[in-house]
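Work through the exercises below with the structure open. Try each task before you read its solution.

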Amino acid sequence: MRQPGTAYSIDEIQNLRLKGAIYIRMSTELQVESPENQERQLRAYAYNYNIEIVQKYADLGASGMTAERREQFQALLEDVEFGRNNYSIVLYLDDSRWGRFIDSREAEYYRMKLERKGVLCQACDKPLTMTNTIADRIMTILKDESASDYCRQLSQKVFIGQCNLILKGYRQGGPAGFGLRRMLVDEHGKPKQELSRGQRKSLQTERVVLVPGPESEREKICWIYDQFISGMRESEIADMLNEDGFKTDFGRPWTRGTVLEVLTNEKYIGNNLFNRRSGKLKSKQKANPEGEWVRKKRAFEPIVDLDLFYTVQNIIRERHRKISDAELLDRLKSLQRQSGRLSAMIIDESENLPPSSLYRNRFGGLLRAYRLIGYIPERDYKYVEINQRLRVLHSDVLSKTISDIQQLCGRVISIDPGTRLIELNYNLFISIVISRCFVSSYGIRRWKIRFDTCLHPDITVAVRMDAQNECIHDYYILPVLEFGSNELRLQDDNVGFLDGFRTDSLERLLKMGVNVDIDEAV
């Protein structure tokens, strides 16, 4: 009888006649030989162990930092999850092909999902033994962490390299813009050719700079600045450009926004700007403060005179001068009479009003500004008030949970001020999310739970509200190893194992914060 954890020999594995799948991934579409090379090595590995390959999954040109945009990886997970697989092992070239996840724990999480369904995950840079010893797990964890660290270091190196190139006057991606063209130059700065839309450099030593476009476009840009300074609005300028048959650099009609882009972008005075917005390591894009921008002045030949450009900027800034609350409401009321209704988009498109964000900040939300002028939206915005109440409730639940844990275990529980995660026993991180109740026209109650996946909690406590969204209905204590998606949808009765995580109180969670002597534990 085979002892648990005993490694199989090659002959024993060959006699099992396993059926397997292969997973192939390459990061960029430029790696044209990578898929063939990977498949060749994977099939040779499978042949050595007498494994019949019955399925192939391949993500081509897909980053390994996340799983969301890897369609074939998701198909692999779903096939195994719903029993559509006829294989018992998945082969991939090495752990970096499985994924270079920012949080290295994600790699192990997806492997565990498959292995719990009886599908073994095997990297082909190590022998197949059909076992999973402590030494194997430690080596895999180290490789996952190494792949994650590689992504972080590479991101930092790429960013520093991009900043250096910006300061040398080279363009880093993006369209040239109306009146400008992209010019390819060699390592000595000598022009090689003008790049059309969609073309890019092919040699590592080549660079791209911006150069002035046709004279007709340059003259039209100066005309736009002159018309704006004379008092013409952006929409009026756009109408005149369209009447004259001019198109944007994308061949589209002019709009207020495209005219404003020409009036405010510093590339028209020859400045090279970078890092105005960023989303490193697949995080959500965010606007950066001006102190973090990377700027190279006079990197390109300017089209617009410096004084002319800053005269326009002063006019635009004057629009956002301090306006009294009464004047803001009067303008909003006037817009409502003209358009018949109000929305954030209608406010933002109006040239006589400041942006909708100013109304939100000044009056505590658009709905309150609407009420102050007597406007009632056609759509029912009651859910906004419910969400505001739930945000207050979130703080109350968080404070009460911490208080109960501290009273039960007799010690102070720390909470991260930035993420609002609760920390138990110094290594268990808990996120508390509030889930409002939606009642359908048939009287069915539903809840949607959104996980704070970017915060990487170990446990998510989902607080479900009652039908009126006024009181707590119950709780779901959800460990990350079981729930790795961004959201979860629940009803009163849920199929499968979901209701096994339901509880009427947080007693189970509180017990996790109690320190137990080691003698009692054993």
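**Exercise 1. The helix α13 and its end**

Task: Which residue just after α13 takes a positive phi? Then find which residues of α13 are buried, and where they sit around the axis.

Solution. Keep in mind that this is a predicted model.
Step 1. Go to the end of the helix. G364 comes just after α13 and has a positive phi of about 75°.
Step 2. Now list the buried residues of α13, which spans residues 356-363. They are S356, Y359 and F363.
Step 3. Look down the axis. These residues cover an arc of only 55°, so they are on the same side of α13.
Step 4. Recall a general rule. An α-helix has 3.6 residues a turn, so residues three or four places apart point the same way.
Step 5. Find the cover. The buried residues of α13 are covered by elements including α11 (325-339), α12 (344-349) and α14 (366-372).

**Exercise 2. A second helix, α3**

Task: Which residues of helix α3 are buried, and what covers them?

Solution.
Step 1. Helix α3 covers residues 71-81. Its buried residues are F73, L76, L77, D79 and V80.
Step 2. Check their directions. The buried residues of α3 fall within an arc of 165° when seen down the axis, so they line one face of the helix.
Step 3. Look at what lies over them. The cover includes β1, β2, β3 (89-92), α4 (95-98) and α5 (105-115).
Step 4. Step past the helix end. G83, just after α3, takes a positive phi of about 70°.

**Exercise 3. Positive phi outside glycine**

Task: Where are R17 and N50 found, and is each one buried, partly exposed or exposed?

Solution.
Step 1. Start with R17. R17 is not a glycine, yet its phi is positive, near 50°.
Step 2. Place R17. It is in the loop between α1 (10-16) and β1 (19-26).
Step 3. Judge its exposure. The relative accessible area of R17 is 64%, and exposed means over 50%, so R17 is exposed.
Step 4. Turn to N50. N50 is not a glycine either, and its phi is positive at about 60°. N50 is in the loop between α2 (34-48) and β2 (52-60).
Step 5. Judge N50. Its relative accessible area is 32%, so N50 is partly exposed.

**Exercise 4. The nonpolar cores**

Task: Which residues touch the most other members of the largest nonpolar core, and which helix gives the most to this core?

Solution.
Step 1. Recall the general trend. In soluble globular proteins, nonpolar side chains tend to be buried together.
Step 2. The largest nonpolar core has 31 residues. I224, Y225, Y268 and V304 touch the most other members.
Step 3. Trace the suppliers. At least two residues each come from β5 (180-185), β7 (207-212), α7 (215-229), α8 (234-243), α9 (256-264) and α10 (306-319).
Step 4. Pick the main one. α7 gives the most to this core, with 5 residues.
Step 5. Zoom in on I224. Leaving out residues up to four places away in sequence, I224 touches I237, L241, W254, V259, V262 and L263.
Step 6. Look elsewhere. Another core of 20 residues lies apart from this one, and W98, F101, Y109 and L114 are among its members.

**Exercise 5. Strand pairs**

Task: In which sense do β5 and β6 pair, and which strands are the edges of the sheet of 6 strands?

Solution.
Step 1. Strand β6 covers residues 191-195. β5 and β6 pair in the antiparallel sense, over 4 bridges.
Step 2. Match residues across the pair. L184 stands opposite Q193 in β6.
Step 3. Look at the turn. The hairpin of β5 and β6 has 5 residues between the strands, and G189 there takes a positive phi near 85°.
Step 4. Move to the open sheet of 6 strands. Its order is β12-β13-β14-β17-β18-β20, with mixed pairing.
Step 5. Find the edges. β12 (414-415) and β20 (502-503) are the edge strands, and each pairs on one side only.
Step 6. Inspect one edge. β18 (residues 472-479) and β20 run antiparallel and are joined by 2 bridges. Y475 stands opposite T503 in β20.

**Exercise 6. The whole chain**

Task: How many helices and strands does the chain have, and how many disulfides are found?

Solution.
Step 1. The chain has 17 helices and 20 strands.
Step 2. Of its 522 residues, 39% count as buried.
Step 3. The search of the whole structure finds 0 disulfides.

Terms used
Residues numbered from 1 in each chain as written. Predicted model: local features only at pLDDT ≥ 70, side-chain atom pairs only at ≥ 80, totals over all residues. Heavy atoms only, no water. Core = buried A, V, L, I, M, F, W, Y, C linked by side-chain atoms within 4.5 Å. Buried < 20%, exposed > 50% of the residue type's maximum accessible area, 1.4 Å probe, protein only. Contact = heavy atoms within 4.5 Å. Arc of directions from axis to C-beta. Disulfide = S-S within 2.5 Å. Pairing = 2+ DSSP bridges.
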